[in-house]
Amino acid sequence: MSPLFATPPENHLPRMLRVRDGLKDGLGRAITYLRVSVTEQCNLACVYCKPRTGVAERAQAPAMSRNEVVQLVKVFTSLGIRKVRLTGGEPLLRRDLETIIAGISPEVEGRVHLTTNGLHLARKARALRDAGLAGVNVSLDAADAASFAHLTGKNQLGKVLAGLEAARSVGLKTKLNAVVLRGWNEDQILPLTRLAQTGGFQVRFIEFMPYQGNGWGQDQFMPAAEILRTIQEGLGTDLEEEPVLGLEEGPARLFGIPGSTGKVGVISTLSADFCDRCNRVRLTSQGALKACLFGNQPVDLLEPLRNHATHDDLVRLIRQALTQKLDCHPMRTGGQPTFAQGMWQVGG
Ligand code: SAM
């Protein structure tokens with residue numbers, strides 16, 4: 001008996017259907033979210049990110065030009081990438097950031113976001129919004145000036161707070177990210193929560209991850225459950241968990257803060273990872289595709305682009321790289337990841 005709805009052979013599918021079918025990795029996970037590092041250079045030296053020695057000399061100038069970033073992003077969006085986050089290094093150090101955003105924004109219906117340390121945000125927020133930026137995640141690991149300086153190497157908390165206010169006042173969706181390191185800033189969990197409570201912000205606390213040269217150790221690791229307990233004990237109340245959003249909204253478990261529009265979240269990358277649902281890949285500022293933060297050799301897309309690879313050639317390289325995406329990060333099974341690059345190069 002013939003099926004009720006005959007399925008046309010795959011190569012007869014209309015183009016749009018093939019695009020919507022999208023980008024899948026070797027395990028069938030749909031890849032819809034691209035993080036692009038636009039520079040390795042950074043104006044802070046956060047203790048959890050940069051190698052503890054010899055960093056400044058090793059940050060290379062961005063290899064991808066503005067046009068090359070936009071061209072490569074377009075290849076990804078043609079495959080079904082729906083959201084792009086620009087990161088680094090510090091993306092606000094790129095003078096042509098607004099034109100990069102303006103080139104990408106129409107490709108993802110305005111879903112371009114930025115992760116920044118916020119130092120230059122106060123003077124750039126309006127131009128970024130005008131270029132088509134939808135939102136910013138601002139890294140802020142301390143609410144206290146001395147702790148901020150201790151963690152980042154610069155005494156510039158005030159600039160970041162001004163950046164946050166500027167971003168919000170021009171209508172950018174604004175969230176805070178804080179990496180928690182035991183022995184460094186666990187005493188900042190409550191002050192940052194209070195900042196979210198009084199300012200109506202969303203602050204997400206991120207588990208400290210091992211990465212090249214960042215001195216990660218079990219003794220500095222604070223699991224999300226303990227972070228959450230610290231907040232609840234500090235506020236003297238149980239927090240109510242919000243409904244889970246899709247991974248495009250981020251991997252945080254979110255909780256309302258009583259008496260406030262603010263929210264707190266935890267990102268449990270190690271203690272309860274979300275690898276099974278991972279929807280993201282990364283493009284380094286050198287134009288290489290990194291299928292998994294914790295593994296896989298980067299696959300160079302920039303050289304082929306410069307050597308006039310066709311769209312289909314680049315698609316083949318991307319699909320091939322995704323067949324190698326890890327099923328989960330190696331620490332889940334007690335392994336140790338090996339890193340060829342630092343977090344500031346891959347983009348976090
Ligand atoms: N300069 C920008 C900033 O400070 O947000 C963007 C680059 S930073 C590498 C991007 C993200 O990576 C930040 O949210 C940061 O908190 C996160 N990150 C960096 N190193 C990390 C680590 N070892 N563990 C967890 N998150 C980390």
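Which side chains meet in a salt bridge with R94, and at what N to O distance? Keep that one in mind while reading the points below; the model is a predicted one.

1. **The R94 pair.** The partner is D96: the side chains of R94 and D96 meet in a salt bridge, with 2.8 Å from N to O. Look at how the two residues sit. R94 has a relative accessible area of 8%, so R94 counts as buried. D96 has a value of 24%, which makes D96 partly exposed, because buried means under 20%. As background, side chains of opposite charge can pair when their charged atoms come close.

2. **Salt bridges across the chain.** Searching the whole structure turns up 12 salt bridges. One of them joins K263 and E242, whose closest N and O atoms are 3.3 Å apart. This pair links distant parts of the chain, with the two positions 21 residues apart: K263 is in strand β11 (residues 263-267), while E242 is in the loop between β9 (240-241) and β10 (253-256). K263 is partly exposed, at 24% relative accessible area. E242 is partly exposed too, at 26%.

3. **A small network to find on screen.** D273 forms a salt bridge with R332, and here the closest N and O atoms are 2.8 Å apart. D273 lies in the loop between β11 and β12 (280-283), and R332 in the loop between α10 (311-323) and α11 (343-346), so the pair ties together parts that are 59 residues apart in sequence. R332 is partly exposed, with a relative accessible area of 40%. Salt bridges with shared partners join D273, D276 and R332 into one network.

4. **Helix α3.** Is this helix enclosed or open to the outside? In α3 (residues 97-104), 6 of the 8 residues are buried, so the helix is largely enclosed by the rest of the structure. The buried ones are L97, E98, I100, I101, G103 and I104. Their cover includes α2 (66-78), β4 (83-87), β5 and α4 (121-131).

5. **The ligand and its shell.** Now turn to the ligand. It is surrounded by 20 residues, and the closest are Y48, G89, E90, S139 and M209. By class, this shell has 7 nonpolar, 11 polar and 2 charged residues. Two backbone approaches are worth picking out. A polar backbone atom of G89 is 2.8 Å from a nitrogen atom of the ligand, and a polar backbone atom of T116 is 3.5 Å from an oxygen atom of the ligand. On its own, the ligand has 550 Å² of accessible area, and the protein covers 95% of that. The elements giving two or more residues to the shell are β5 (112-116), β7 and β8 (202-207).

6. **N177, a residue to click on.** Where does N177 sit? N177 is in strand β7 (residues 173-180). At 8% relative accessibility, N177 counts as buried, because the cut-off is under 20%. A polar side-chain atom of N177 lies 3.4 Å from an oxygen atom of the ligand. The side chain of N177 also makes a polar contact with the side chain of R204, at 2.9 Å. Setting aside neighbours within four places in sequence, N177 is in contact with T115, N137, V138, S139, L140, D141, R204 and I206. S139 is worth a second look, since S139 is also listed among the residues closest to the ligand.

Conventions:
Residues are numbered from 1 along each chain as its sequence is written. This is a predicted model: local features need pLDDT of at least 70, side-chain atom pairs count only at pLDDT 80 or more; totals for chains, interfaces and linings use all residues. Side-chain values use heavy atoms; hydrogens and water are left out. Helices (H or I, at least four residues) and strands (E, at least two) are DSSP runs, numbered from the N terminus. Buried means under 20% relative accessible area, exposed over 50%, partly exposed in between (1.4 Å probe, protein chains only). A polar contact is a pair of N or O atoms within 3.5 Å; within protein, one must be able to donate a hydrogen and the other to accept it, and residues adjacent in sequence count only if both atoms are side-chain atoms. Contact means heavy atoms within 4.5 Å. A residue is near a molecule or strand if one of its heavy atoms lies within 4 Å of it. Accessible areas come from the Shrake-Rupley method with a 1.4 Å probe; for residues, only the protein chains shown count as cover. Ala, Val, Leu, Ile, Met, Phe, Trp, Tyr, Cys and Pro count as nonpolar, Asp, Glu, Lys and Arg as charged, and the others, Gly among them, as polar. A salt bridge is a side-chain nitrogen of Lys or Arg within 4 Å of a carboxyl oxygen of Asp or Glu.
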